[in-house]
Amino acid sequence: MKTAVYPGSFDPMTLGHVDIIERISKVFDRVVILISHSSQKNHLFSAIERQQMVEKSLSHLKNIQVEIHEGLTVNYMQKHKIGVIVRGLRAVVDFEYEMAMAAMNKKLDKEIETMLVFSSPEYYFVSSRGVKEVARFGGSLDGLVPESVQDLLIQKIRTTK
Ligand code: ADP
């Protein structure tokens with residue numbers, strides 16, 4: 001069985017993430033979405049909220065699993081015997097960061113491969129940070145985040161102001 005890990009913050013999940021996951025779920029038998037939990041980082045949504053949001057947005061896919069993980073992605077992968085990390089690539093600005101991260105993961109475990117998937121053209125500008133900004137100032141979230149995420153995001157921003 002071919003399994004890939006798709007790690008990220010998903011704070012919140014966007015349609016760019018959904019697009020990448022839909023596409024890689026056709027290539028791999030199973031995709032584990034690994035939600036990073038870090039006490040150092042200031043996330044808008046808690047790890048559990050992000051897990052529920054991702055599960056709801058992907059309920060149409062049968063071969064995915066959503067897990068919360070604190071620590072290095074490679075540690076999770078070694079523990080669960082998974083050899084492939086998939087990351088999404090938007091514009092050139094993502095490239096250096098992703099290249100360094102892939103090299104670091106290779107240094108930590110030479111058996112682990114990182115595969116990069118290009119964003120679909122309609123989502124190359126969509127980021128979690130960008131959609132939070134749009135939501136904060138009352139812009140339309142249509143075409144940016146899944147419908148089920150829109151209300152959650154608006155509500156969350158309202159209550160954390
Ligand atoms: P991180 O917190 O590591 O930046 P994110 O939660 O923002 O992770 O995203 C997880 C993964 O999804 C990363 O590989 C990121 O490059 C990718 N990604 C985010 N937005 C998009 C998008 N619009 N199109 C394609 N890939 C994306």
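This is a short dialogue about reading the core, a helix and a surface patch in a predicted model.

Trainee: Where do I start with the inside? Which residues have the most contacts inside the largest nonpolar core?

Mentor: A nonpolar core is a set of buried nonpolar residues joined through their side chains. Here the largest one has 34 residues, and Ile-33 and Leu-58 have the most contacts inside it. Strands S1, S2, S3 and S4 each give two or more residues, and so do helices H1, H2, H5 and H6. H1 gives the most, with 5 residues.

Trainee: What is Ile-33 in contact with, leaving aside its neighbours within four places in sequence?

Mentor: Its partners include Tyr-6, Phe-10, Ile-21, Val-54, Leu-58 and Val-66. Another core, of 9 residues, lies apart from the largest one, and Val-32 and Leu-34 are among its members.

Trainee: Now helix H5. Which of its residues are buried?

Mentor: Ser-128, Val-131, Lys-132 and Ala-135. Look down the axis: these buried residues fall within an arc of 105°, so they line one face of the helix. They pack against helix H1 (15–24) and helix H6 (147–159). Just after H5, look for Gly-138, with its positive phi of about 75°.

Trainee: And the outside? Which residues make the nonpolar surface patch?

Mentor: Leu-72, Met-104 and Leu-108 make it, and it covers about 280 Å². You'll find Leu-72 in the loop between strand S3 and helix H3.

Trainee: Why does Leu-72 count as partly exposed?

Mentor: Partly exposed sits between under 20% (buried) and over 50% (exposed). Leu-72 has 44% relative accessibility, so it counts as partly exposed.

Definitions and conventions
Residues are numbered from 1 along each chain as its sequence is written. This is a predicted model: local features need pLDDT of at least 70, side-chain atom pairs count only at pLDDT 80 or more; totals for chains, interfaces and linings use all residues. Side-chain values use heavy atoms; hydrogens and water are left out. Patches are made of residues with over 30% relative accessible area and no salt bridge: like charges are joined within 9 Å, nonpolar side chains (Val, Leu, Ile, Met, Phe, Trp, Tyr) within 5 Å. Accessible areas come from the Shrake-Rupley method with a 1.4 Å probe; for residues, only the protein chains shown count as cover. A salt bridge is a side-chain nitrogen of Lys or Arg within 4 Å of a carboxyl oxygen of Asp or Glu. Helices (H or I, at least four residues) and strands (E, at least two) are DSSP runs, numbered from the N terminus. Buried means under 20% relative accessible area, exposed over 50%, partly exposed in between (1.4 Å probe, protein chains only). The arc is that of the directions from the helix axis to the C-beta atoms. Contact means heavy atoms within 4.5 Å. A nonpolar core is a set of buried Ala, Val, Leu, Ile, Met, Phe, Trp, Tyr and Cys residues joined through side-chain atoms within 4.5 Å.
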